[in-house]
Amino acid sequence: MPELPEVETTRRGIEPLLIRQKLTEVIVRDHRLRWPVKLPDELVGQTLGSVTRRGKYLLFHFDSGTLILHLGMSGSLRCLPKQSPLRKHDHVELLFEGGTSMRFNDPRRFGCVLWQSGDAADHPLLTKLGVEPLEANFTASYLKNCAGKRQVAVKSFLMNAQVVVGVGNIYANESLFLARIRPTIAAGAVSLVGYQRLVDAVVMVLKDAIKAGGTTLQDFAQVDGNPGYFANELHVYGRAGEACSVCGAALVEIRLQARTTVFCRKCQPSRGIGRTFA
DNA sequence: ACTGGCTCCTGAGGGC
DNA sequence: TGCCCTCAGGAGCCAG
């Protein structure tokens with residue numbers, strides 16, 4: 001499931017392959033993504049200036065506007081020679097003058113491909129997004145201030161893209177474990193010290209996951225088709241019933257806002273400070 | 001202003 | 001072997 005590390009891994013894989021190349025053809029095989037894919041004719045012939053990321057959105061900057069792409073739940077992008085055989089669910093294909101084909105594959109079609117002429121920052125999907133977790137303004141005091149007296153579970157708060165972008169279910173579980181915070185605690189009840197641990201944990205987890213090329217559980221692949229390797233480093237996600245790597249207690253799984261949530265009762269207590277890691 | 005629930009979709013996995 | 005059921009989840013959207 002693509003979260004920030006998977007999107008960033010994809011961005012780093014794609015940009016060097018396609019930058020400064022002219023787009024020669026756009027093929028939409030299935031326009032039924034999250035929103036119907038409608039790409040303007042004017043796109044063909046434009047040159048790709050850069051590929052940036054905002055939250056989990058990839059932004060392909062062309063001469064007159066920006067292609068906004070979200071991988072959704074099951075999406076991936078691959079760059080291949082244009083004659084390579086198509087796979088099932090290769091919904092959108094961009095062909096570049098160098099002979100490279102960039103293909104958007106998305107079995108569940110939760111992703112999107114949109115065109116925004118002019119400045120992409122004006123797009124309604126991007127204007128309400130919160131801070132980037134790997135930038136300097138992601139701080140404990142920012143989170144504490146955002147949380148105020150909110151009663152929502154801190155895990156849901158952390159996954160709210162209007163607060164901080166890019167942290168999905170897997171990395172929220174991992175970060176809360178490392179920060180020794182019970183996922184169910186109200187966001188407003190977490191102390192500034194707790195939020196400092198959470199900020200540190202989120203940054204560490206995301207950076208480590210990017211280094212590993214992301215997490216591949218089912219669908220995600222890097223641009224070259226290889227999986228990401230962070231799944232090997234997960235402490236809690238997908239490990240319910242297994243022994244906690246710190247204290248040995250059995251990890252517990254619950255549903256929190258319809259999301260699988262795994263934690264350690266001992267290391268992530270519902271009050272006070274958790275066990276200190278060795 | 002918050003909060004929780006619904007929705008889109010396909011493939012995997014379990015039960016029988 | 002095959003069928004049916006449930007579940008997974010990002011995030012926009014809406015109702016209370």
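This presentation describes a predicted model of a protein chain with two DNA strands.

Good morning, colleagues. I shall begin with the overall division of the protein. Chain A is split into domain 1, covering residues 4-122, and domain 2, covering residues 140-263. Between the C-alpha centres of domain 1 and domain 2 there are 28 Å.

Let me turn to the interior. The largest nonpolar core holds 39 residues, and those touching the most other members are Val154, Leu158, Ile181, Tyr195 and Leu198. Which helices each supply at least two residues of this core? They are helix H3 (140-147), helix H4 (154-158), helix H5 (169-179) and helix H6 (192-211). Of these, H6 gives the most, with eight residues. Apart from this core lies another one, made of 25 residues that include Val7, Leu39, Phe62 and Leu94. As general background, nonpolar side chains in soluble globular proteins tend to be buried together.

Val154 deserves a moment of its own. Leaving aside residues up to four places away in sequence, Val154 touches Leu176, Ile181, Arg182, Pro183, Ile185, Ala186, Ala187, Val190, Tyr195 and Leu198. Of these contacts, Ile181, Tyr195 and Leu198 were also named with Val154 among the core residues that touch the most other members.

Next, I would draw your attention to a charged residue, Arg53. Arg53 sits in strand S2, which spans residues 50-54. Is Arg53 buried or exposed? Arg53 counts as buried, because its relative accessibility is 16% and the cut-off for buried is under 20%. What does the side chain of Arg53 reach at 3.0 Å? One partner is the backbone oxygen of Gly55. The side chain of Glu132 is another, joined to that of Arg53 by a polar contact of 3.0 Å. Not counting residues up to four places away in sequence, Arg53 touches Leu4, Val7, Glu8, Arg11 and Glu132. Val7, in this list, is also one of the members of the core of 25 residues.

We come now to the DNA, starting with strand B. Surrounding DNA strand B are Lys88, His89, Pro107, Arg108, Arg109, Phe110, Arg150, Gln151, Val152 and Gln257. By class, the surface near this strand comprises three nonpolar, three polar and four charged residues. Where the atoms of DNA strand B lie within 4 Å of the protein, 64% of them belong to sugar or phosphate, and the rest to bases. Several phosphate oxygens can be paired with particular residues. A polar side-chain atom of His89 is 2.6 Å from a phosphate oxygen of DNA strand B, and for an N or O atom in the side chain of Arg109 the distance is 2.7 Å. In the case of Gln151, a polar backbone atom lies 2.5 Å from a phosphate oxygen of the strand.

Finally, DNA strand C. There are 16 residues around DNA strand C, and Tyr57, His70, Arg108, Tyr237 and Arg255 come nearest. Arg108 also appears among the residues surrounding DNA strand B. The surface near DNA strand C has eight nonpolar, three polar and five charged residues. Sugar or phosphate accounts for 59% of the atoms of DNA strand C within 4 Å of the protein, with bases making up the rest. From a phosphate oxygen of DNA strand C, a polar side-chain atom of His70 lies at 2.2 Å. For side-chain N or O atoms, the corresponding distance is 2.8 Å at Lys56 and 3.3 Å at Asn169.

Thank you for your attention.

Methods: Residues numbered from 1 in each chain as written. Chains lettered and ligands numbered in written order. Predicted model: local features only at pLDDT ≥ 70, side-chain atom pairs only at ≥ 80, totals over all residues. Heavy atoms only, no water. Core = buried A, V, L, I, M, F, W, Y, C linked by side-chain atoms within 4.5 Å. Buried < 20%, exposed > 50% of the residue type's maximum accessible area, 1.4 Å probe, protein only. Helix = DSSP H or I, 4+ residues; strand = E, 2+ residues; numbered from the N terminus. Contact = heavy atoms within 4.5 Å. Polar contact = N/O pair within 3.5 Å; in protein donor to acceptor, adjacent residues only side chain to side chain. Near = heavy atom within 4 Å. Domains from an automatic or database assignment.
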